[in-house]
Amino acid sequence: MTQTDINWDADLPIDPEEECQALIRALRRTQGFGLFFVSCSKSTGQEIIERTTRDLPGLTIQVLTLETALADGNLYQAIADDLS
């Protein structure tokens, strides 16, 4: 019997609507502090932010946009700097 490597991500097409709904479901389920990462273009990012704030009006959301690589590689420091 031979083993076949399966790359599930390559086999399934990405559906942006489904991905956005999954993000909103995850945000609804989160209690307290949550940290979510979304990789997308600037225009898509703006659409996601607008939709999320519209669909979850009682949720406090803060956006940290990372447009370039972190010089020191310290994501925690970048977040702390953005929050202060």
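**Group meeting: helices α2 and α3, and a pocket**

Okay, let's start with one residue: Thr 52 is buried, at a relative accessible area of 5%. Keep in mind that we're looking at a predicted model here. Thr 52 sits in helix α3. If you skip everything up to four places away in sequence, Thr 52 touches Leu 23, Ile 24, Leu 27 and Ile 61. Hold on to those names, they'll come back.

So, the helix around it. α3 runs 42-55. With 14 residues, α3 reaches 20 Å from its first C-alpha to its last, close to the 20 Å expected at 1.5 Å a residue. Which residues of α3 are buried? That would be Gly 45, Ile 48, Arg 51 and Thr 52. Look down the axis of α3 and these buried residues fall within an arc of 130 degrees, so they line one face of the helix. For anyone who wants the background: an α-helix has 3.6 residues a turn, so residues three or four places apart point the same way. Over on the other side of α3 you get Lys 42, Glu 47 and Arg 54, which are exposed.

Yes, there's an arginine in that buried set. Arg 51 has 18% relative accessibility, and the cut-off for buried is under 20%, so Arg 51 counts as buried. Leaving out residues up to four places away in sequence, Arg 51 touches Glu 17, Cys 20, Gln 21 and Ile 24.

And what do the buried residues of α3 pack against? They pack against α2. Seen from the other partner, the buried residues of α2 pack against α3.

Right, on to α2, which covers residues 16-29. At 1.5 Å a residue, its 14 residues should span 20 Å, and the end C-alpha atoms of α2 are 20 Å apart, which agrees. The buried residues in α2 are Cys 20, Leu 23, Ile 24, Ala 26 and Leu 27. They cover an arc of only 160 degrees around the axis, which puts them on the same side of α2. The face turned away from that buried side carries Arg 28 and Arg 29, both exposed.

Next, the nonpolar core. The largest one has 6 residues: Cys 20, Leu 23, Ile 24, Leu 27, Ile 48 and Leu 56. Helix α2 supplies the largest share of this core, 4 residues. As for Ile 48, setting aside its neighbours within four places in sequence, its contacts are Leu 23, Val 38 and Cys 40.

Now for the empty space. The largest pocket holds about 1,100 Å³. How many residues line the largest pocket? The lining has 32 residues, and Phe 36, Ile 61, Gln 62, Val 63 and Leu 64 lie nearest the centre. The elements giving two or more residues to that lining are α2, α3 and α4, the last being 75-83. α3 gives the most, with 6 residues. And Ile 61, one of those nearest the centre, is also one of the residues Thr 52 touches.

Last stop, the loop between α2 and α3, where we find Ser 41. Buried or exposed, or something in between? Ser 41 is partly exposed, with a relative accessible area of 40%. If you want a distance to check in your viewer, Ser 41 and Tyr 76 are 35 residues apart in sequence and 22 Å apart in space, C-alpha to C-alpha.

That's my tour, over to you.

Terms used. Residues numbered from 1 in each chain as written. Predicted model: local features only at pLDDT ≥ 70, side-chain atom pairs only at ≥ 80, totals over all residues. Heavy atoms only, no water. Core = buried A, V, L, I, M, F, W, Y, C linked by side-chain atoms within 4.5 Å. Buried < 20%, exposed > 50% of the residue type's maximum accessible area, 1.4 Å probe, protein only. Contact = heavy atoms within 4.5 Å. Expected span 1.5 Å × (residues − 1). Arc of directions from axis to C-beta. 1 Å grid on protein atoms, 1.4 Å probe; cavity = no way out; pocket = protein on both sides within 12 Å on 5 of 7 lines; lining within 4 Å. Points joined across faces, edges and corners; volume = space filled by probe spheres on them.
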